[in-house]
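This report describes one protein chain, going from selected local features to the overall fold. Please read it alongside the sequence and the structure.

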Amino acid sequence: MSEVLETLSPGWHAALAEAWEAYLHGSYPIGACVVDADGQVIARGRNRLGEPRGVDGGFIAGHDLAHAEINALLNLAATPRPECYGWTVLTTVEPCPQCAGAIAMSGVRGMDYAAPDPWAGCTRLLTDDPYVSGKQMRVGRAPEDVQRLALRLKAHALWEEERAVGERPVLDSFAAQYSEDVAFAGRLYQSGQLLALRERQGRLQEALELLA
């Protein structure tokens, strides 16, 4: 795991840090950032669905729109054309229709994601829609180690949420394609280690070590 941390770009480190921070605050563990053409982080955001409702301070919280990508885009000071065409949104989970649409309309022309989302992921909007495809969006993926970490963290949250309600449609959609990582997350959930780390507001590095 130390090798993974050492090779993380500033952008993917920031996105994973935002995802962990979201989980620490009772929201889905999804984080995002915007990097410029040189890979420098210029804006950050996290999922804030589980936080008190508000729209102050450059982010949305406690609202159905309070997704990580939305908050990262809102955190941008400006989107000067054509400079912003070279920027990229990095997100730990494949964006939903709302967030994919927001990225397409923001002026940012790149989007890379880590964990796939077979339930709500909508990257096809960026490549297949007749209007959006005209924007020539760049869609890429995170390094494989980052994909795995983000997928396991998301699956851990789904184990926690859907076990509580007794139904697991979203988790099952993940398990159908990514059974090994979902099983890993299930064992980690049953052990209580990541839950305990969250309870004591542990560091990102500790979380990544457990997820690895």
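Which glycine with a positive phi follows α2? It is Gly-26, where phi is near 80°. The model is a predicted one, and every value below is computed from it.

**Helix α2 and Glu-18**

Helix α2 covers residues 10-24. Its 15 residues should span 21 Å at 1.5 Å a residue, and the end C-alpha atoms are 21 Å apart, so the helix agrees with the expected span. The helix is mostly covered, with 12 of its 15 residues buried. The buried positions are Gly-11, Trp-12, Ala-14, Ala-15, Leu-16, Ala-17, Glu-18, Ala-19, Trp-20, Ala-22, Tyr-23 and Leu-24.

Glu-18 lies in this helix. Is Glu-18 buried or exposed? Its relative accessibility is 13%, and because the cut-off for buried is under 20%, Glu-18 counts as buried. Beyond the residues up to four places away in sequence, Glu-18 touches Ile-30, Gly-31, Ala-32, Arg-44, Gly-45 and Arg-46.

**Helix α7 and Gln-147**

Helix α7 runs over residues 144-165. It has 22 residues and reaches 32 Å from its first C-alpha to its last, close to the 32 Å expected at 1.5 Å a residue. Just after α7 comes Gly-166, which takes a positive phi of about 85°.

Gln-147 belongs to α7. With which side chain does the side chain of Gln-147 make a polar contact? The partner is the side chain of Arg-141, at 2.9 Å. Arg-141 is also listed among the residues that Gln-147 touches, together with Ala-114, Ala-115 and Ala-142, when residues up to four places away in sequence are not counted.

**Backbone features in loops**

A cis peptide bond joins Arg-81 and Pro-82, with omega at about 0°. Pro-82 is placed in the loop between α3 (68-74) and β3 (88-93).

Gln-136 has a positive phi although it is not a glycine, and this description also applies to Gln-201. The table sets out their phi values, loops and relative accessible areas.

| Residue | Phi | Loop between | Relative accessible area |
|---|---|---|---|
| Gln-136 | about 55° | α6 (130-133) and β5 (138-141) | 66%, exposed |
| Gln-201 | about 55° | α10 (193-199) and α11 (204-211) | 46%, partly exposed |

The two class labels follow from the cut-offs, because exposed means over 50% and partly exposed lies between that and the limit for buried. Gln-136 has 66% and is therefore exposed, while Gln-201, at 46%, is partly exposed.

**Ala-175 in helix α8**

Ala-175 has its place in helix α8, residues 169-175. How far apart in space are Ala-175 and Pro-118, C-alpha to C-alpha? The distance is 9.5 Å, for a separation of 57 residues in sequence. Leaving aside neighbours within four places in sequence, Ala-175 is in contact with Arg-168 and Val-182. The relative accessible area of Ala-175 is 21%, so this residue is partly exposed; buried would require a value under 20%.

**The annotated domain**

UniProt, in an unreviewed entry, lists residues 6-124 as "domain: CMP/dCMP-type deaminase". In the model this span is 29% helix and 19% strand. The C-alpha atoms at the ends of the span lie 32 Å apart.

**The protein as a whole**

How many helices and strands are there in the protein? There are 11 helices and 5 strands. Taken along the principal axes, the C-alpha atoms fill a box of roughly 50 × 35 × 30 Å. A compact globule with 212 residues would have a radius of gyration near 17 Å, and the protein has 16 Å, which agrees.

Buried residues make up 51% of the 212 residues. The accessible surface comes to about 9,900 Å², and carbon and sulfur atoms account for 49% of this surface. Of the contacts between residues at least 6 apart in sequence, 60% join residues at least 24 apart.

Technical notes
Residues numbered from 1 in each chain as written. Predicted model: local features only at pLDDT ≥ 70, side-chain atom pairs only at ≥ 80, totals over all residues. Heavy atoms only, no water. Helix = DSSP H or I, 4+ residues; strand = E, 2+ residues; numbered from the N terminus. Polar contact = N/O pair within 3.5 Å; in protein donor to acceptor, adjacent residues only side chain to side chain. Contact = heavy atoms within 4.5 Å. Expected span 1.5 Å × (residues − 1). UniProt positions renumbered as here; feature names shortened; annotations may be inferred. Rg over C-alpha atoms; globule rule 2.2 N^0.38 Å. Buried < 20%, exposed > 50% of the residue type's maximum accessible area, 1.4 Å probe, protein only. Areas by Shrake-Rupley, 256 points an atom, 1.4 Å probe, with all protein chains shown as cover.
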